[in-house]
Amino acid sequence: MSTPFPFTAVVGQDDLRLALLLNAVSPAVGGVLVRGEKGTAKSTAVRALSALLPEVAVVPGCRFSCDPAAPDPGCPDGPHEPGPGGARPARMVELPVGASEDRLVGALDIERALAEGVKAFEPGLLADAHRGILYVDEVNLLHDHLVDLLLDAAAMGASYVEREGVSVRHAARFLLVGTMNPEEGELRPQLLDRFGLTVEVAASREPDQRVEVVRRRLAHDDDPEGFAARWRDEEADVRARIVAARELLPSVVLGDGALRRIAATCAAFEVDGMRADIVMARTATALAAWAGRTDVLAEDVRQAALLALPHRRRRNPFDAPGLDEDKLDRTLEEFGDDDPEPDPEPDADPDPDPDPGPDGPGGGGDGGGGGLPPSDGPDGPDAGTAEAPQNTGDTGDTGDSADQGEAGESGAVPGARPGGGGEQRPAPTAEPFRTKVLSVPGLGEGAAGRRSRARTEHGRTTGARRPRGTLTKLHLAATVRAAAPHQRARGRDGRGLVVRRDDLRQATREGREGNLVLFVVDASGSMAARRRMGAVKGAVLSLLLDAYQRRDKVGLVTFRGGAAEVALPPTSSVDAAAVRLESLPTGGRTPLAAGLLRAHEVLRVERLRDPARRALVVVVTDGRATGGPDPVGLAGRAARLFAADGVASVVVDCESGPVRLGLAGLLARELGGTAVTLEELRADAIAGLVKDVRGDSRRAA
């Protein structure tokens, strides 16, 4: 077994280390979500935490880690007789992103249950993680049905496994720790709120600290055991401090003044529900215990707010988590008149070096001031902010004269060449709205989601088939029908049904899948009128919100000037698409064919990567095509490529004014899809919209 990197040797990342340690002191805090760019020691710190946790007393032979002092009365391995227990190290169980439901919750042997009436249960990862740590790397990529199971277990402290009337329950109380890279997509709000604390991490921009990171990493890789031995004393000190803080925790007093500050802070930041208040109270108490105090001070409440509130303030998927620290300080000052005086500690060590260690400064100590890291931390500002794609505006035709007049009203960027063909300032985005549901026709087999019909592991039962591999969902009636004709030949002589493996039938189910929604946005001069482009951005943002809620992947192709570009390759990060959309420049000719061809190439490559995920192409344009010889004919030939491949498509017609040419409708027919206006895209529009994209494709044929 490989030697893990020591927790105290992690360089910097004070907030991350503090959040993990507070959960080690008080598991009731509710876990940690670690957000940040790749390569910032997220997984390293989490894996190192388990070595610092005290041993766990367990009932010998119990697969579910029952506490001998208070065994679970419903334990599948029980009932347990009173007696001395054993001890084992605290476990850290990792949940792979691609894990199956049976691997997570456990598996029942359905064949033995039907034939013998025996509940033969094989525990899953939730049972292994009971009274330990459940770690999910890339938690934002976890399948929805596994997220639902995690939510249920975290809320109830127990896991339930049910298969066709056979039910097993066992305790599952664990510390949930997740790491994620926001560039790869956000979490569902329900799971986000389940994490007690959240921490944003970024690589340090200080050269000295980066040098120390590399030095320690290389030293550990060259001699893991020797490196761990050099940090053994620091590890033992932190472990002892965790034990002392746990013992002190019941004596910590959360006074009325601290409670009032907590309530006022949550109210001031308008967080939803009461979970934030409860988590802040538990975190502030754990901070006091970690600092060796029995009173909760204003500084504890402030630090608790910085850890517990940022991820609970998001009002929509595109809001970045964060907290206004000036507002926080004003709130605490307003409600901080009755703060208790801290106990004098004349002999306390001020600990000026927050990170001592045998390899020099910055190594990973617990910080001064009772373990509270400085609010701004040693790391530099957050990195990873996506920069808007830069594109030079080509001069040229911008559409009809009416559109040129509209574009002229918007104003060109200073320095752009006159004539309406230069790059325009990005138009402000209109308010998003609830959109009509657009879905892909037919029955898919892609990743679970909420958009189009698909064969899935979850949903309504539509039939039965012989299982391919491991049986996951038994179709009881079909299994009985398959076994019934053979009972006499199998020598059945009692009430039980003689079932063989060949009799088992897998239930086929129909649910919903997530799709790849590829936006192809016209950013040319004919779309550059401020009012029109603002409305277009509002419509695309509304569709992005819908894609987020339906668990889709999204991509963004834009075309303007003389070419098209992939502004955002297909990704699960819908908010990244929103950032690119906000700064989208406009102006120049309308190379519609180039935009369609670039989108077709994106889909070709994506089919090789993920052949099961079906695509929905959303073309946002007024239908005009300019620039080059025969631009309309080229656009028509490019559109017919999508129809030939059977790609579902919809054209959002952005044409406005009393006189409309209907070019977007012609483009939709070439694509084999349907066209909708911006007004029809709204869910509350009077005009009906065909929800499946197949309607117009059949008429076009």
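**Exercise 1. Describe how α1 meets α2.**

α1 passes α2 in a right-handed crossing. Here the near helix is turned clockwise from the far one by less than a right angle; anticlockwise would be left-handed. This is a predicted model, in which local features need pLDDT of at least 70, side-chain atom pairs count only at pLDDT 80 or more, and totals for chains, interfaces and linings use all residues. Residues are numbered from 1 along each chain as its sequence is written, and side-chain values use heavy atoms, with hydrogens and water left out.

Step 1. Locate the helices. α1 covers residues 14-25 and α2 covers residues 42-49. Helices are DSSP runs of H or I with at least four residues, strands are runs of E with at least two, and both are numbered from the N terminus.

Step 2. Read the geometry. The packing angle is about 25°, and the axes lie 11 Å apart. Axes are lines fitted to C-alpha atoms, for helices over the stretch in contact; angles run from 0 to 180 degrees between N-to-C directions.

Step 3. Classify the angle. α1 and α2 are therefore roughly parallel. The classes are roughly parallel under 35 degrees, roughly antiparallel over 145, roughly perpendicular from 65 to 115, and oblique for the rest.

Step 4. List the partners. From α1 come Leu16, Leu20 and Ala24; from α2 come Lys42, Ala45, Val46 and Leu49. Contact means heavy atoms within 4.5 Å. By class, this contact has six nonpolar, no polar and one charged residues. Ala, Val, Leu, Ile, Met, Phe, Trp, Tyr, Cys and Pro count as nonpolar, Asp, Glu, Lys and Arg as charged, and the others, Gly among them, as polar.

**Exercise 2. Do the same for α20 and α21.**

Step 1. α20 spans residues 631-645, and α21 spans residues 663-671. Their axes are 7 Å apart, at an angle of about 45°. That makes α20 oblique to α21.

Step 2. Gly636, Ala639, Arg640, Phe642 and Ala643 of α20 meet Leu667, Glu670 and Leu671 of α21. The class count is five nonpolar, one polar and two charged residues.

**Exercise 3. Find the hubs of the largest nonpolar core.**

Step 1. Define the core. It is a set of buried Ala, Val, Leu, Ile, Met, Phe, Trp, Tyr and Cys residues joined through side-chain atoms within 4.5 Å. Buried means under 20% relative accessible area, exposed over 50%, and partly exposed in between (1.4 Å probe, protein chains only).

Step 2. Pick the hubs. The largest core has 60 residues, and Leu20, Met280, Trp290 and Leu309 touch the most other members. Helix α12 (residues 275-290) gives the largest share, ten residues.

Step 3. Inspect one hub. Not counting residues up to four places away in sequence, Leu309 touches Thr265, Cys266, Phe269, Val271, Ala276, Met280 and Leu323.

**Exercise 4. Three loop residues: buried, partly exposed or exposed?**

Step 1. Ser26 sits in the loop between α1 and β1 (32-36). Its relative accessibility is 8%, so Ser26 is buried. Beyond its neighbours within four places in sequence, Ser26 contacts Leu249 and Ala286.

Step 2. Ala41 lies in the loop between β1 and α2. Its relative accessible area is 28%, so Ala41 is partly exposed. Phi of Ala41 is near 65°, a positive value in a residue other than glycine.

Step 3. Glu270 lies in the loop between α11 (256-268) and α12. At 54% relative accessibility, Glu270 is exposed. Its phi is positive too, near 55°.
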